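Please open the structure in your viewer and keep the selection tool at hand. Each stop below names what to select and then describes what is found there.

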Amino acid sequence: MEEPKAFEQTLTNFMNDFASGDAVRHLADAGLTVTEITKRLAFPTKKKLVAEMVWKHYLDTGVIRLTKPEEGGKGKTRKVRYVQEQGPYGRTSLRQVVEEIDAPAYSYTEVNFGYRLYADREGFLRKLQQLEEDDRDYILDLPWPLQKVWHVENGRVRRIRVGLEKQ
């Protein structure tokens, strides 16, 4: 009986992505945290699902890398869009189109938030209290894996790094 649940989950994910996926990706690109994005969506979407969409978007666009990037941060990234098509009997449907494009040259910094949360959650949460609320939410909202991750070196990551080094 797992097939109906898997189908329902796939359908739910598709509907949520179609209803709010573009907005989530746009707001993530604008620098909003998962918490801020969830509050702004017109279509009710669970925070966990928004976090998964943002994480996938960051992986697809090269903002976050799970493997050490090449020198200069170059590589491939994915661009996702939907095309409306009309079938032979007038039925309208949407098709996802994924393009591989060259990623912009980014400078990356290594982060290990997932490991730090797992190794000493209480201690790391105390350290996070030194950060601004949106920087703290940025770390706590995303599903960081238990491994090193490379993140685009931007203002938010620099603020987080400086805030965590204070003591």
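Begin by selecting Asp141 and Lys47: their side chains are joined by a polar contact of 3.3 Å. The model is a predicted one, and the distances along this tour should be read with that in mind. Add Thr35 to the selection, and a second polar contact appears, in which the side chains of Asp141 and Thr35 are 2.6 Å apart. Asp141 belongs to helix H6. Is Asp141 buried or exposed? Its relative accessible area is 12%, and buried means under 20%, so Asp141 counts as buried. With neighbours within four places in sequence left aside, the residues in contact with Asp141 are Thr33, Val34, Thr35, Lys47 and Ala51.

**The chain as a whole**

Now display the entire chain as a cartoon. Seven helices and five strands make up its secondary structure. Followed along the sequence, they give the pattern α-α-α-β-β-β-β-α-α-α-β-α. The chain has 167 residues, of which 37% are buried. Of the contacts between residues at least 6 apart in sequence, 62% join residues that are at least 24 apart.

**The nonpolar core**

Next, select Ile37, Val54, Tyr58, Phe113, Ile139, Leu142 and Trp144. These are the residues with the most contacts inside the largest nonpolar core, which has 33 residues. Which helix supplies the largest share of this core? Helix H3, residues 47–61, does so with seven residues. Then focus on Ile37, which touches Val24, Leu27, Ala28, Leu32, Val50 and Val54, when residues up to four places away in sequence are not counted.

Remain at helix H3 and select His57, which lies in this helix. His57 counts as buried because its relative accessibility is 10%, and the limit for buried is under 20%. Apart from neighbours within four places in sequence, His57 is in contact with Arg25, Ala28 and Asp29.

**Helices H5 and H6**

Show H5 and H6 together. The axes of these two helices come within 10 Å and cross at roughly 155°. Angles over 145 degrees count as roughly antiparallel, and H5 and H6 are therefore described in that way. To view where they meet, select Phe124, Leu125 and Leu128 in H5, together with Arg136, Ile139 and Leu140 in H6.

**Helices H6 and H7**

Keep H6 on display and add H7. How are H6 and H7 placed relative to each other? They pack at an angle of about 95°, with their axes 10 Å apart, and are therefore roughly perpendicular. On the H6 side, the contact is made by Asp134, Asp135, Tyr138 and Ile139, and on the H7 side by Arg156, Arg159 and Ile160.

**The buried side of H7**

Finally, select helix H7 alone, residues 155–165, and colour Arg156, Val157, Ile160, Gly163 and Leu164, which are buried. These residues lie on the same side of H7, because they cover an arc of only 130° around the axis. To see what the buried residues of H7 pack against, show strand S4 (108–111), helix H4 (113–119), helix H5 (121–128), helix H6 (133–141) and strand S5 (149–152).

End the tour at Asn154, which caps the N-terminal end of H7. Here a side-chain oxygen of Asn154 lies 3.3 Å from the backbone nitrogen of Arg156.

Note on methods. Residues numbered from 1 in each chain as written. Predicted model: local features only at pLDDT ≥ 70, side-chain atom pairs only at ≥ 80, totals over all residues. Heavy atoms only, no water. Core = buried A, V, L, I, M, F, W, Y, C linked by side-chain atoms within 4.5 Å. Buried < 20%, exposed > 50% of the residue type's maximum accessible area, 1.4 Å probe, protein only. Helix = DSSP H or I, 4+ residues; strand = E, 2+ residues; numbered from the N terminus. Contact = heavy atoms within 4.5 Å. Arc of directions from axis to C-beta. Polar contact = N/O pair within 3.5 Å; in protein donor to acceptor, adjacent residues only side chain to side chain. Axes fitted to C-alpha atoms, helices over the stretch in contact; angles between N-to-C directions. Parallel < 35°, antiparallel > 145°, perpendicular 65-115°, else oblique.
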